Amino acid sequence: MKNDNNKKGIDRREFLKRIGLGAAVVSAASVTGCGGKGSGAAQSVAAAGDIPTDKMTYRTNPKTGEKVSLLGYGCMRWPTVGDESGRDSAEELDQEQINRLVDFAIAHGVNYFDTSPAYCRGRSERATGVALSRHPRDSYFIATKLSNFAPSTWGREASIAMYRNSFKELQVDYIDYMLLHGIGMGNGMPDFEARYIDNGVLDFLLAEREAGRIRNLGFSYHGDIAVFNRLLAEHDKYKWDFVQIQLNYVDWKHAKQTNERNTDAEYLYGELAKRNIPAIIMEPLLGGRLSNVHDHIAAKLRERRHDMSVASWAFRFAGSFPGVLTVLSGMTYMEHLQDNLRTFAPLDPLTDDDREFLEETAQALLRYPTIPCNDCKYCMPCPFGLDIPGILLHFNKCINEGRMPSSSRDAGYAKARREFLIGYDRSVPRLRQADHCIGCNQCVHHCPQSINIPAQMRRIDHFVEDLKQGREF
Amino acid sequence: MLRKIRILLAVVCFVSITLLFLDFTGTVHAWFGWLAKVQLLPAVLAGNAVIVAALALLTLLFGRVYCSVICPLGVMQDCVAWIGKRTKKNRYSYSPERKWLRYGMFVLFIAAMIAGVGSLVALLAPYSAYGRIASNLLAPLWAWGNNVLAYFAERADSYAFYSVDVWIKSLTTLIVAAVSFVVIAVLAWRNGRTWCNTVCPVGTLLGFLSRFSLLRPTIDTEKCNSCGLCARNCKASCIDSKNHKIDYSRCVACMDCIDKCHKGAISYSLRKKTVQQQEQPQPAAEPKNAGRRNFLTGMGMLAATSALRAQEKVVDGGLAVIADKKIPARQTPIVPPGARSLSNMASHCTGCQLCVSVCPNGVLRPSGGLMTLMQPESSYERGYCRPECTKCSEVCPTGAIRKITRAEKSSIQIGHAVWVESNCLPVTDGVYCGSCARHCPAGAITMIRYDADDPDAPRVPSVNVERCIGCGACENLCPARPFSAIYVEGHEQHRTI
């Protein structure tokens, strides 16, 4: 894929013209060669289909009436020259590639770009600014944040300096969407007050909105729900133009199971919808967990819609809510962008059946995360005779082979139950199975993967009991 | 023809009942479970008047066909005798009824039942005697056969078969089963139905009725040439061919004599018509069919028994050795939920081993006690009485273990857990455990501080005996070996909590 990208990079100036055809073959290039224009190429990519340039789904900002593309570009994962994500690597960002991604996105209707002074180790705003400044200012919306997490930036001057710096980096004289970044993080309410209230920064931002340098003011929320509730309670005072929340089909009803501090998106979205505040969606893929799912879950998603990627389900879930202004996706690679464009241009909203199906999928996902055991046996011998890796590997094997019943109401439940239990007895003698773990914790500090082995043993034991007792789940 | 029908029905019943004792998956019970429940003695003990009446009526109509078709021990003897007959033909002879032995045994049996000497009842009851033989001598072979299939299934990545443990549940019972098999088989080989007509209390009881049966084999003196062939082929030794008399109290209505008689002098006919018989002789004799021999060939497996050994579990390298659990000295034995009380068990159980055969958790085994010999009791070294399982209560034909539901089971207290401080790991090793509390399905165990003054003290179990149902999860999963630090004491009287 890297070669293809470089190849494209050469004729970058031309590519806006032929972008519809040329880029569409990227994913098929390894098979067809880069055919460029012509009917031959069009036929050879027919399976994937062209990405239309004029089909993007837009939502209207109720305050300004502007049309915002339902796919928003998250700029926290710009690629580096080493083809990694700028979030994970200290390498130089690949500006040329970033320009290509931005050009391609804009050409296909994306007009919302979300960055922050903190992203890509502080390099995102500049790179985003460089790429966007090559386009007319009215062809895109910029969202950035006041990311004054560090106590050293809690002071009024430091915070305002950060704010002003964003203008410079982004090469703009107004910000379309300005966010208080991550309210509820850290210690929750005290941190929030220190960052935005005590230093008068929120008042400052409200004034900036009055002055027109901020067109829309909102906040993004993580963590302590009290801060979220407070800011919404004070909506009459602050008149939030939008709020950014974490929403995906797992967090919709099961946020606590992925992170103790999180709150169900159903509640968050409901609170916003009540007040008619547009929602901007972050983490639609739950940090990638909804695109990189177990084989059997992927198979079920694929079975339902052969033409849709695993990730597209998560995007459609987020995008189907009418109160959502845009769904952010941090796209490092052209393939991500193209796949997402296919999802959103235009959006095929979920049916109620689809939603129910995704809820089942969420439950299956939560139930069966594989355990990162690689059978190194450092934990062994267990003083109570358990075959720890044997137990974990059987569990993982069943998950990976898709032989794990995801619900007692599954069509193949009886078969899966039988296979799991018989396979369990075959893999591990009964006396060495998970129910014999007493939780002495001697194994825990031996595990290089930091697996909480006793907790996993308990989980597996509980699951086995569910199966044996035929309990509903 | 009648004989063939008898053999066909007998084979079907016999194979089905045998499968009840062999099948450990519970599938066969769904189909043929009723066959255990129509056995006479279990039906009497279960108070099943309908079945008892039906069997009485059956006997009054057709004679002791029960003994030839329904009773698995009777059919087993026929199988052995059939093999015996192949070595020496016309081997039987008439012998008069041994009344003192027959009625003596019957009185003894009734007395044992009334006195609640379960061991003697179990020893004499025919269905139980067969159950014991099937579950102790045949079931292990079946299980090993299954294990061989499971071995290959595992390698073929198939889940059609799974391996099961084969172990000696009670040495005494095994010996009793082996001895009863040898004794009954030798008697059958030599003299056919001797057991049924001298020892078996059910045979004696049905004999009272079969004297008056409506249909019966009758000798037509006009046709009879007193050759004695019928008597020499009567496994019940009940045909007095010289006097043309048949002792109907011993005749098991096997119809062999009808087939054997060259003159067609014996017919299965209404007792009233004995006089008319002279006018209308029935050509009852059928040409001898060689094919029938194949009928019972499959039964040859009965003879193929062998001594048993417990399968020792091979311990893998790299894993800590796990010592086997030992049975704690319980003051009161535990009987499974549904048994209601030790006395109900003792007075109803005939020791047929059906419950022991189907117990999937290795809990039930025959008792070794003198009074309760071969009756089931629970112990938890191999597994515990799991909350989802009510199999023993489903299969019991005698009402010794009454049918219960899962919900009922969860509230039937069959015993209570007792903590043994000196074995408990938090006490001996100072480690955190709580295995018993975690696995208690009744939530009857709380972990409390060993030393109330020390908040960091290791926690030890405290049993709420009001909530404990005695299932043995704690005892089975206790890491202390060979003796658990928590074990179950049985209750004489079960109660619902």
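Biologist: Where in chain A is the place of A:Pro346?
Modeller: First, a friendly word on conventions: residues are numbered from 1 along each chain as its sequence is written, while chains are lettered from A and ligands numbered from 1 in the order in which they are written. This is a predicted model, where local features need pLDDT of at least 70, side-chain atom pairs count only at pLDDT 80 or more, and totals for chains, interfaces and linings use all residues. Helices (H or I, at least four residues) and strands (E, at least two) are DSSP runs, numbered from the N terminus. A cis peptide bond with omega about -5° joins A:Ala345 to A:Pro346, and the place of A:Pro346 is in the loop between α17 (334-344) and α18 (352-367) of chain A.

Biologist: Where is A:Pro381 found?
Modeller: The peptide bond from A:Met380 to A:Pro381 is also cis, with omega near -5°. In chain A, A:Pro381 is found in the loop between α18 and α19 (388-400).

Biologist: How does A:Gln171 count in terms of exposure?
Modeller: A:Gln171 sits in the loop between α8 (156-170) and β6 (175-183) of chain A, and has a positive phi of about 55° although it is not a glycine. A residue is buried if 20 or more other C-beta atoms, placed from the backbone, lie within 10 Å of its own, exposed if 12 or fewer, and partly exposed in between. A:Gln171 has 15 C-beta neighbours inside 10 Å, so it counts as partly exposed.

Biologist: And B:Met255, is that one buried or exposed?
Modeller: B:Met255 lies in the loop between β3 (245-246) and α14 (256-260) of chain B, and its phi is positive, about 70°, although it is not a glycine. Because 21 other C-beta atoms lie within 10 Å, B:Met255 is buried.

Biologist: Which element gives the most to the side of chain A that touches chain B?
Modeller: Here 23 residues of chain A are in contact (C-beta atoms, placed from the backbone, within 7 Å) with 20 residues of chain B. The elements of chain A giving two or more residues to that side are α20 (413-427) and α21 (453-469). The most, five residues, come from α20(A).

Biologist: Which helix of chain B gives the most to the largest nonpolar core?
Modeller: A nonpolar core is a set of buried Ala, Val, Leu, Ile, Met, Phe, Trp, Tyr and Cys residues joined through C-beta atoms within 7 Å. The largest has 156 residues, and A:Ile391 and B:Cys355 are among those touching the most other members. Its biggest contribution, nine residues, comes from helix α9 (residues 126-155) of chain B.

Methods. Two residues are in contact if their C-beta atoms, placed from the backbone, lie within 7 Å.
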